[in-house]
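Dear colleague,

I am passing on a structure that you have not worked with before, and below it I have set out what was found. Please read the notes with the structure open beside them.

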Amino acid sequence: LYINLAENNKRGTASSTYLLGFDVGASIGMLFGGYISGIWDFQTLFIVDGALCLTSALIYILVSKPLFEAKRLR
């Protein structure tokens with residue numbers, strides 16, 4: 001989505017930034033999930049994960065999608 005916001009000569013940087021963010025997010029998510037499951041049970045872990053998924057969907061709908069529509073190049 002955001003790679004399409006970059007100019008042609010900046011697409012490599014945009015792609016690299018996206019993939020770095022994806023890797024960091026997956027790593028932090030696994031650490032956070034392991035921490036929660038070590039303290040509480042798996043039901044709590046699934047509730048927290050579901051809340052995070054809903055939060056990310058709301059952020060996409062309310063922030064990211066309008067920003068993309070306003071600034072896309074094509």
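**What was found**

What covers the buried residues of α1 includes α2, and this is a convenient place to begin, with the caution that the model is a predicted one. The buried residues in question are Arg11, Ala14, Gly33 and Ile36, and they belong to a helix, α1, that runs over residues 11-39. From its first C-alpha to its last, this helix of 29 residues reaches 42 Å, which is close to the 42 Å expected at 1.5 Å a residue.

Turning to the protein as a whole, its secondary structure comes to 2 helices and 0 strands. Its radius of gyration is 16 Å, well over the 11 Å that the globule rule gives for 74 residues, so the protein is more spread out than a compact globule. The C-alpha trace spans about 45 × 25 × 10 Å along the principal axes, and buried residues make up 11% of the 74 residues.

As for the surface, the protein exposes about 6,000 Å², of which carbon and sulfur atoms supply 68%. One feature of this surface that you may wish to look at is a nonpolar patch of about 610 Å², made by Leu58, Ile59, Tyr60, Ile61, Leu62 and Val63. Val63, one of the residues that make this patch, has its place in helix α2, which covers residues 42-71.

With best wishes

Definitions and conventions: Residues are numbered from 1 along each chain as its sequence is written. This is a predicted model: local features need pLDDT of at least 70, side-chain atom pairs count only at pLDDT 80 or more; totals for chains, interfaces and linings use all residues. Side-chain values use heavy atoms; hydrogens and water are left out. Patches are made of residues with over 30% relative accessible area and no salt bridge: like charges are joined within 9 Å, nonpolar side chains (Val, Leu, Ile, Met, Phe, Trp, Tyr) within 5 Å. Accessible areas come from the Shrake-Rupley method with a 1.4 Å probe; for residues, only the protein chains shown count as cover. A salt bridge is a side-chain nitrogen of Lys or Arg within 4 Å of a carboxyl oxygen of Asp or Glu. Helices (H or I, at least four residues) and strands (E, at least two) are DSSP runs, numbered from the N terminus. The expected span of a helix is 1.5 Å times one less than its number of residues. Buried means under 20% relative accessible area, exposed over 50%, partly exposed in between (1.4 Å probe, protein chains only). Contact means heavy atoms within 4.5 Å. The radius of gyration is taken over C-alpha atoms; the globule rule is 2.2 Å times the number of residues to the power 0.38.
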